[in-house]
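Reader: I am new to this structure and would like a close look at a single part of it, the salt bridges. Please take me through them slowly, partner by partner.

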Amino acid sequence: MKTVDVNERTLEQERQYLKRTGEIVRIEAVCFAIALILLMVRDIIPSGSDGEELSVMFWVKLIFLPFQAVAAIVVSNFVIGLFKEIEKSDTPFRYSVADKIKGLSDAVMVCGVIFALPQFINQIICIFSNLSDTTSNSAAVIILGGIFLGLVFKALSYIFGYGCKLQQESDETL
């Protein structure tokens with residue numbers, strides 16, 4: 001009769017769970033990027049009111065649409081790459097994982113700024129012209145949210161970097 005180490009079995013179950021979770025997250029990342037791009041395109045389509053206000057915001061949003069789409073795709077690619085890297089290693093405490101989390105944090109912060117710029121520019125245009133501002137003050141919320149989430153990922157990257165150093169010391173000790 002062959003004995004099975006409980007820790008080995010638990011570790012294998014955790015690997016299978018991580019693999020399934022990684023597959024789901026990768027699918028969600030692709031769906032998120034597609035949905036976000038479609039929402040941005042829908043947001044550009046005029047709602048029926050005519051006037052200069054509509055045309056100014058339309059052109060500002062249209063100019064920024066490709067940059068926003070690229071930002072959404074870049075963030076999704078970082079998420080996909082991160083989970084692929086975690087899946088293929090025995091431990092998540094690897095320098096490559098910490099680097100991917102750090103890249104994700106930078107991408108999220110830049111993405112927050114890129115998504116808020118059209119509204120910010122529209123508000124500036126409305127201040128210096130006689131147009132009424134039809135947008136909300138959500139630009140600041142988007143920027144602050146992107147920076148906050150980016151800083152959370154940045155902290156996680158430092159935690160994983162420290163975990164890498166501890167893992168290396170542990171491996172060298174054994």
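**Salt bridges, partner by partner**

Author: Arg94 counts as partly exposed because its relative accessibility is 35%, a value that here belongs, like the others below, to a predicted model. The side chain of Arg94 meets that of Glu85 in a salt bridge, with 4.0 Å from N to O. Salt bridges with shared partners bring Glu85, Lys88 and Arg94 together into one network.

Glu85 also forms a salt bridge with Lys88, and there the closest N and O atoms are 3.5 Å apart. Both Glu85 and Lys88 belong to helix α2, where three residues, about one turn of the helix, separate them. The two partners fall on opposite sides of the accessibility cut-offs, since buried means under 20% relative accessible area and exposed means over 50%: Glu85, at 8%, counts as buried, whereas Lys88, at 62%, counts as exposed.

Helix α2 takes part in another pair as well, for Glu87 in helix α2 is linked with Arg26 in helix α1, and their side chains meet in a salt bridge of 2.7 Å, N to O. This pair connects distant parts of the chain, its two residues being 61 residues apart. Glu87 counts as partly exposed, with a relative accessibility of 26%, while Arg26 is buried, because its relative accessible area is 18%. The structure as a whole holds five salt bridges, among them the bridge between Glu87 and Arg26 and the bridge between Glu85 and Lys88.

Methods:
Residues numbered from 1 in each chain as written. Predicted model: local features only at pLDDT ≥ 70, side-chain atom pairs only at ≥ 80, totals over all residues. Heavy atoms only, no water. Helix = DSSP H or I, 4+ residues; strand = E, 2+ residues; numbered from the N terminus. Buried < 20%, exposed > 50% of the residue type's maximum accessible area, 1.4 Å probe, protein only.
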